[in-house]
Amino acid sequence: MSNLVVGIDIGGTKIAAGVIDSSARVLARYISKTHAGQPPDDVIAATVEAFHAVLAQAGLQRGQVAGLGVGFGGHVNGAAGLILTSSNLPAWDNYPLRDHLQARLGVPAILENDSNCAAWGEYRFGAGQGSRHLCYVTFSTGYGLGVVIDGKLYVGATGTAGELAHTVIHPDGPLCACGKRGCLICYTAGLGISRLVRERLDRGEQTLLRELCGPTPARVAGEIVVQAAERGDRVAQDVLAIAARYFGIGLSSVVQMFNPDRIVIGGGLAHVKHWLVEPGLVALRENIHPVLHNSAEIVYSHLWEDAGMIGAAVLAWESKI
Ligand SMILES: [Zn+2]
């Protein structure tokens, strides 16, 4: 059997594909930003294109890879090969993505949630190596969690364990995209930062953000808020302080529930140390029981944006597809 698999990470803003060998080396890479966050037919077409593009780059034929591992940003039942729901579009509800991709590509495939893939990638080949009880958090547009307990990926009864972002922390808080009120994601990560900024703009507060992103932006990028904070903007600094605090509160729930020996922090906003991660770690310490102080080593991702793709490939490998 070939020692190569294709890993594909389907996120809300991009589709990343790689040819990966059994030591988790990435032999070829392809990124598409055009069809992510679209209905299933478009995403499948883009995924098929990414699969063939990455094979061509590596100089391989379809028969020379053992299979395909796919990570997807949404609620996933990996064992059943189903997308249960995606916060992007209702067309994804109960969608049999694994079987559709197998049929289109003619190779065996596995499907798993993207944060679970990233957790497994870090556990096997990244910053989680040597750990036994590992929690991986993605701190980017969303706030995801993947959990490894006793060396096994923990996915829960229906595959959706670790949906940290939609933990309700203020039952009377703002309406979340999921239909509940006051989820953690309303206050932190890219989505929470964007909502908090729009709330301040609606209140008519004085801020550089009005000129940087327009008076009624649909979505405000975290990077723009960081730029404004660095230029001394008080509203941007306030919003980031709130987002950092709730990031830490999320981490405190992870520590309280799972008592991991290590937490790996990844995702684009994990690079924003001064405004987000460092104050977040102070909030983490303030919000856990003292008996848990220093119970978990906290480290940054080693695989960064490749974590999901590599983890999906490794899961495909290990499932002996
Ligand atoms: Zn929610």
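**Exercise 1. A glycine after a helix**

Just after helix 4, which glycine takes a positive phi?

*Solution.* Keep in mind that you're working with a predicted model. Go to the end of helix 4, which covers residues 189-202. Just past that helix you meet glycine 204, and its phi is positive, about 80 degrees.

**Exercise 2. Getting to know helix 4**

Work out how far helix 4 reaches, which of its residues are buried, and what they pack against.

*Solution.* Step one is the length: helix 4 has 14 residues and spans 20 Å from its first C-alpha to its last. At 1.5 Å a residue you'd expect 20 Å, and the helix comes close to that.

Step two is burial. A residue counts as buried if 20 or more other C-beta atoms lie within 10 Å of its own. In helix 4, the residues that pass are Ala189, Gly190, Leu191, Gly192, Ile193, Ser194, Arg195, Leu196 and Val197.

Step three is the neighbours. The buried residues of helix 4 pack against two strands, strand 8 (134-139) and strand 9 (143-149). They also pack against helix 5 (209-213), helix 6 (222-230) and helix 7 (234-258).

**Exercise 3. Building a sheet**

Strands 8 and 9 turn up again here. Find the order of the strands in their open sheet, and say which strands sit at the edges.

*Solution.* Start with the order: the sheet has 5 strands, arranged 10-9-8-11-12, with mixed pairing. Next come the edges, where a strand pairs on one side only: these are strand 10 (152-154) and strand 12 (297-300). Finally, check the twist. Ignoring direction, neighbouring strands of this sheet are turned by 25 degrees against each other on average.

**Exercise 4. Following strand 9**

How many bridges join strand 8 to strand 9, and how many join strand 9 to strand 10?

*Solution.* Take the strand 8 side to begin with. Strand 8 and strand 9 run antiparallel and are joined by 6 bridges. Look for the partners: threonine 138 is bridged to glycine 144 in strand 9, and leucine 134 faces valine 148. The hairpin linking these two strands passes through 3 residues.

Now the other side. Strand 9 and strand 10 are also antiparallel, with 3 bridges between them. Valine 148 shows up again, this time opposite leucine 153 in strand 10. This hairpin has 2 residues between the strands, and in it aspartate 150 has a positive phi near 55 degrees.

Last step: burial. Since 6 of the 7 residues of strand 9 are buried, the strand is largely enclosed by the rest of the structure.

**Exercise 5. Strand 4 and its two partners**

Is strand 4 mostly covered or mostly uncovered, and which way do its residues point?

*Solution.* Count the buried residues: in strand 4 (residues 68-72), 5 of 5 are buried, making the strand mostly covered. Then sort them by direction. In a regular strand, side chains alternate between the two faces of the sheet. Here, Leu68, Val70 and Phe72 point one way, while Gly69 and Gly71 point the other.

Now find the partners. Strand 1 (residues 4-10) pairs with strand 4 in the parallel sense over 5 bridges, and aspartate 9 sits opposite glycine 71. Strand 7 (residues 109-113) runs parallel to strand 4 too, again with 5 bridges. There, glycine 69 is bridged to isoleucine 110.

**Exercise 6. Zooming out**

Describe the whole chain, then say which element of domain 1 gives the most to the side that touches domain 2.

*Solution.* Tally the elements: 9 helices and 12 strands. For overall shape, a compact globule of 321 residues would have a radius of gyration near 20 Å, so the chain's 20 Å agrees. Of those 321 residues, 49% count as buried.

Next, split the chain. Domain 1 is 4-123 + 305-318, and domain 2 is 129-301, according to the domain assignment. Their C-alpha centres lie 25 Å apart. The contact takes 18 residues from domain 1 and 22 from domain 2. On the domain 1 side, strand 5 (75-77) and helix 3 (114-125) each supply at least two residues. Helix 3 gives the most, with 8 residues.

Note on methods: Residues numbered from 1 in each chain as written. Predicted model: local features only at pLDDT ≥ 70, side-chain atom pairs only at ≥ 80, totals over all residues. Helix = DSSP H or I, 4+ residues; strand = E, 2+ residues; numbered from the N terminus. Expected span 1.5 Å × (residues − 1). Buried ≥ 20, exposed ≤ 12 C-beta atoms within 10 Å, placed from the backbone. Contact = placed C-beta atoms within 7 Å. Pairing = 2+ DSSP bridges. Axes fitted to C-alpha atoms, helices over the stretch in contact; angles between N-to-C directions. Rg over C-alpha atoms; globule rule 2.2 N^0.38 Å. Domains from an automatic or database assignment.
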